[in-house]
Each structure stands twice: as structure tokens, then as C-alpha cells.
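Subject: Structure for you to look at

Dear colleague,

I am handing over the structure below, with notes on what was found in it. Please read them with the structure open.

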Amino acid sequence: MNWPVELLDRLRDAVAFHVYGSANRDDLFPTPLALDETRLAEVDEAWVPVVTPDGPGVLVWENSD
């Protein structure tokens, strides 16, 4: 899928809204998640690949169906 810039920007913003706190690190402040744009083919309705301070991950929302 070719992602329109506006849609990618909205997805980046939605992902960055969520913060990640690692149990394996001594972070004083949680870090925003980042959209893993190398895995855009995996994006689904409620499943979005992300990059965390601990490596790759997946952000899952409740399905709207």
C-alpha cells in the first residue's frame, strides 16, 4: 500500500501519543513510541508495529468491530 503523507502523519501522531516505560531500564521519564515504518505492511486495523527503547514492538488497540 502506498501510504498518503497525511495518513502516515496521523498514524505517527497516534502512535507517539502512547508512552513506553521499560522494566529493564532506569528511565526517569517514559519514552514516546515511534511508528516502525520499515514494517508498514504489517499495519492492520488495530495492530501497529512500533519501535520502543527495548526494540521492536506492536501497539494494539481495541478492535472497533
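The model is predicted. I start near the N terminus: Trp3 sits in the segment that precedes helix H1 (5-16). Apart from neighbours within four places in sequence, the contacts of Trp3 are Leu8, Leu11, Leu40 and Val43. One of these, Leu40, is 37 residues away from Trp3 in sequence, yet the two C-alpha atoms are 8.8 Å apart.

Next, the sheet. Three strands make up an open sheet, ordered S3-S4-S5, with antiparallel pairing. S3 and S5 are its edge strands, since each of them pairs on one side only. As a general point, the strands of a sheet pair through backbone hydrogen bonds, in either a parallel or an antiparallel way.

Between S4 and S5 (residues 55-60) there are six bridges, and the two strands run antiparallel. The connection from S4 to S5 is a hairpin of two residues. Which residue of S5 is the bridge partner of Val51? The partner is Pro56.

Pro56 also turns up in the surroundings of Arg39, a residue of the loop between strand S3 (34-35) and strand S4 (47-52). Setting aside residues up to four places away in sequence, Arg39 touches Pro49, Val50, Pro56, Gly57 and Val58. Is Arg39 buried or exposed? Its relative accessibility is 18%, and the cut-off for buried is under 20%, so Arg39 counts as buried.

Val58, one of the residues that Arg39 touches, also belongs to a nonpolar surface patch. Trp47, Val58 and Val60 make this patch, which covers about 270 Å². Trp47 is part of strand S4. With a relative accessibility of 41%, Trp47 falls between the limits of 20% and 50% and therefore counts as partly exposed.

If you go through the model yourself, I suggest taking the three places in this order: Trp3 with its contact Leu40, then the hairpin that joins S4 to S5, then the patch made by Trp47, Val58 and Val60.

Regards

Terms used: Residues are numbered from 1 along each chain as its sequence is written. This is a predicted model: local features need pLDDT of at least 70, side-chain atom pairs count only at pLDDT 80 or more; totals for chains, interfaces and linings use all residues. Side-chain values use heavy atoms; hydrogens and water are left out. Helices (H or I, at least four residues) and strands (E, at least two) are DSSP runs, numbered from the N terminus. Buried means under 20% relative accessible area, exposed over 50%, partly exposed in between (1.4 Å probe, protein chains only). Contact means heavy atoms within 4.5 Å. Two strands pair if DSSP finds at least two bridges between them. Patches are made of residues with over 30% relative accessible area and no salt bridge: like charges are joined within 9 Å, nonpolar side chains (Val, Leu, Ile, Met, Phe, Trp, Tyr) within 5 Å. Accessible areas come from the Shrake-Rupley method with a 1.4 Å probe; for residues, only the protein chains shown count as cover. A salt bridge is a side-chain nitrogen of Lys or Arg within 4 Å of a carboxyl oxygen of Asp or Glu.
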